[in-house]
Amino acid sequence: MNAISHSTQKRAIIDIGSNTVRLVIYTGPLRAPVVEINEKVNARLGRDLGKTGALSDKALKLALGALARFALLLRLHEVETVECVATAAARDASNGPQFLAAVRALGLSPRLLSGDEEASASATGVIAAFPGAHGTVADLGGGSLELVGVDAGRVLAGGVTLPFGSLRLGDLRAGGDAAFAGHVSSGLRRTGWKAGRGEPLYIVGGSWRALALQAMRTLGWPVDDPHGFELGADEAVRMARELSEGKPKNPDPRISSSRLSTLPDAAALLAEVVTAISPSKLVFSSWGLREGLLHAALEEQVQAQDPLLASVAGFAKTARTSIREAVAVSDWCAAVCQDAAGDKALRQASTLLALAAMHTEPNLRAEEATAWALRKRWIGLDMAGRGMMAMTIFANAGETRVPADVARLAAPADLDRAIAWGLAIRLCRRLHGGSISAFAATHLACDERGIVLGLDEAALPLLTSSTFKDLKALGEWLGRDWLVLGPGDVVLEG
């Protein structure tokens with residue numbers, strides 16, 4: 001496993017979009033950056049482009065006021081690594097060059113992204129969040145919609161930019177549903193886009209994340225974060241058609257009023273895009289252009305780190321738990337864990353979080369750790385992984401009953417496997433008193449006799465009645481006999 005790279009240096013992205021102008025300052029692990037400051041202003045730079053071809057005076061004033069504040073904040077926070085980019089509105093406006101000159105006068109260095117560069121940055125953000133992603137990335141911004149293919153960690157050539165940004169959709173829908181559908185389908189035909197059928201469609205953009213939040217509320221989904229939320233293509237079209245009819249009757253309170261007002265238009269576009277592309281499913285991503293820019297600037301060995309381990313390791317540091325400790329515990333338990341393909345990183349991350357939970361207030365431990373698993377944003381973790389992480393934490397606390405909400409997230413076999421992980425962690429943690437230095441004198445194995453715990457002479461004082469109870473619980477869960485062996489393979493009894 002590659003070591004996790006942490007940095008105390010702050011990094012920042014200023015994103016001058018067609019709808020919002022945003023500053024995000026990041027800290028934490030390089031591979032899984034944590035947002036420290038996130039500010040935006042709804043300048044709506046692209047609102048009048050379709051009518052006048054220029055950025056309005058009002059929008060310019062709002063944007064430049066926000067950027068002046070951002071420039072000062074960067075100096076106050078002593079942020080040295082800053083990337084400032086501008087997208088569709090500045091790219092398409094007749095007075096875009098004058099606007100960018102005014103931005104430079106504030107001490108910033110804006111880079112005007114082409115449509116291809118914008119699409120590539122968003123796709124890189126998706127690849128960073130979902131290693132091995134394959135399919136199509138669809139990024140809805142205020143001024144444009146970008147489509148680009150991804151496969152095996154690469155951004156594919158041939159991405160397209162369409163004039164279907166959220167600020168333009170209201171005018172496009174004014175002629176009715178049939179005319180709007182015709183606009184979208186003819187636009188896709190003109191680009192020659194034919195990719196993505198039967199593959200995942202990765203959804204990027206604030207307006208579409210608002211749609212995911214509303215869908216999760218409608219479905220009573222047990223996870224708060226829309227990152228990694230999935231919908232089947234048919235269900236996505238059905239829900240998008242419903243949301244396109246107007247403001248939902250029971251809106252999710254986390255959706256801002258500005259996003260709520262554009263939700264019907266964004267839903268209408270999503271329904272047409274999904275119908276045209278026919279993907280296998282939709283995967284919503286909270287990582288896009290900004291995170292893609294950060295990821296592209298990393299060294300290759302940092303890019304290759306597992307984002308889930310980096311994400312959990314950065315969080316667990318606050319609970320005085322190290323990745324070294326988690327890997328040691330995970331390795332000690334490995335013989336009985338019956339991993340499926342791709343389980344190793346998830347098991348290590350779940351172990352890290354389970355151990356971190358033991359450093360919190362005992363009366364809040366179960367509630368708090370459950371919230372970590374189900375509600376905190378983890379990069380590189382799907383919904384099934386969240387369920388497995390939660391059950392690892394529960395079983396580490398001695399609880400094997402699967403809550404109904406968790407049962408919705410993963411298959412029973414996956415949850416059963418995670419419970420075995422948690423029971424093994426519990427045995428390891430309690431036997432060794434939380435000290436990994438004692439691991440050399442003990443071992444856990446699985447052979448024809450069943451689950452075997454072996455102890456050297458030096459480790460015998462560690463053996464307690466709780467050890468036998470923990471080993472019995474693990475053996476019974478796995479449906480195996482169990483025994484404890486001392487020096488010379490002498491069977492020990494509690």
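**Exercises: reading burial and contacts**

R44 is partly exposed, with a relative accessibility of 30% (buried is under 20% relative accessible area, exposed over 50%, partly exposed in between; 1.4 Å probe, protein chains only). The model is predicted, with local features needing pLDDT of at least 70 and side-chain atom pairs pLDDT 80 or more, while totals for chains, interfaces and linings use all residues. Residues are numbered from 1 along each chain as its sequence is written, and side-chain values use heavy atoms, leaving out hydrogens and water.

**Exercise 1.** Place R44 and S278 in the chain, and describe the phi angle of each.

Step 1. Start with R44. It sits in the loop between β3 (34–41) and α1 (49–52). Helices (H or I, at least four residues) and strands (E, at least two) are DSSP runs, numbered from the N terminus.

Step 2. Read its backbone angle. R44 is not a glycine, yet its phi is positive, at about 55°.

Step 3. Turn to S278. This residue is in the loop between α10 and β12 (281–284). Its phi is near 55°, a positive value, and S278 is a residue other than glycine.

Step 4. Check exposure. S278 has a relative accessible area of 26% and counts as partly exposed.

**Exercise 2.** Is D252 buried or exposed, and which residues does it touch?

Step 1. Find the residue. D252 belongs to the loop between α9 (233–243) and α10 (257–277).

Step 2. Read its accessible area. The relative value is 4%, and D252 is therefore buried.

Step 3. List the partners. Leave out residues up to four places away in sequence; D252 then touches L213, Q214 and R217 (contact means heavy atoms within 4.5 Å).

**Exercise 3.** Characterise the surroundings of S285.

Step 1. Locate it. S285 lies in the loop that runs between β12 and α11 (289–296).

Step 2. Judge burial. Relative accessibility is 0%, which means that S285 is buried.

Step 3. Collect the contacts. Neighbours within four places in sequence are set aside. S285 is then in contact with V126, A129, F130, I203, V204, R209 and H227.

Step 4. Compare sequence and space. S285 and G206 are 79 residues apart along the chain, and their C-alpha atoms are separated by 9.8 Å.

**Exercise 4.** Which residues of helix α6 are buried, and what covers them?

Step 1. Mark the helix. α6 spans residues 166–173.

Step 2. Pick out the buried positions. These are S166, L167, L169, L172 and R173.

Step 3. Name the cover. It includes one strand, β6 (135–140). It also includes the helices α7 (177–191), α8 (206–219) and α10.

**Exercise 5.** How many residues make up the largest nonpolar core, and which have the most contacts inside it?

Step 1. Fix the term. A nonpolar core is a set of buried Ala, Val, Leu, Ile, Met, Phe, Trp, Tyr and Cys residues joined through side-chain atoms within 4.5 Å.

Step 2. Count. The largest core contains 108 residues.

Step 3. Find its best-connected members. L269 and M389 have the most contacts inside this core.

Step 4. Look around M389. Residues up to four places away in sequence are not counted. M389 touches L308, V312, A349, S350, L353, A373, W378 and L381.

Step 5. Look for another core. A second, separate one has 30 residues, including L67, A86, A89 and F99.

**Exercise 6.** What are the helix and strand shares over residues 38–298?

Step 1. Read the shares. Over residues 38–298, helix takes up 50% and strand 16%.

Step 2. Check the ends. The end C-alpha atoms of residues 38–298 are 21 Å apart.
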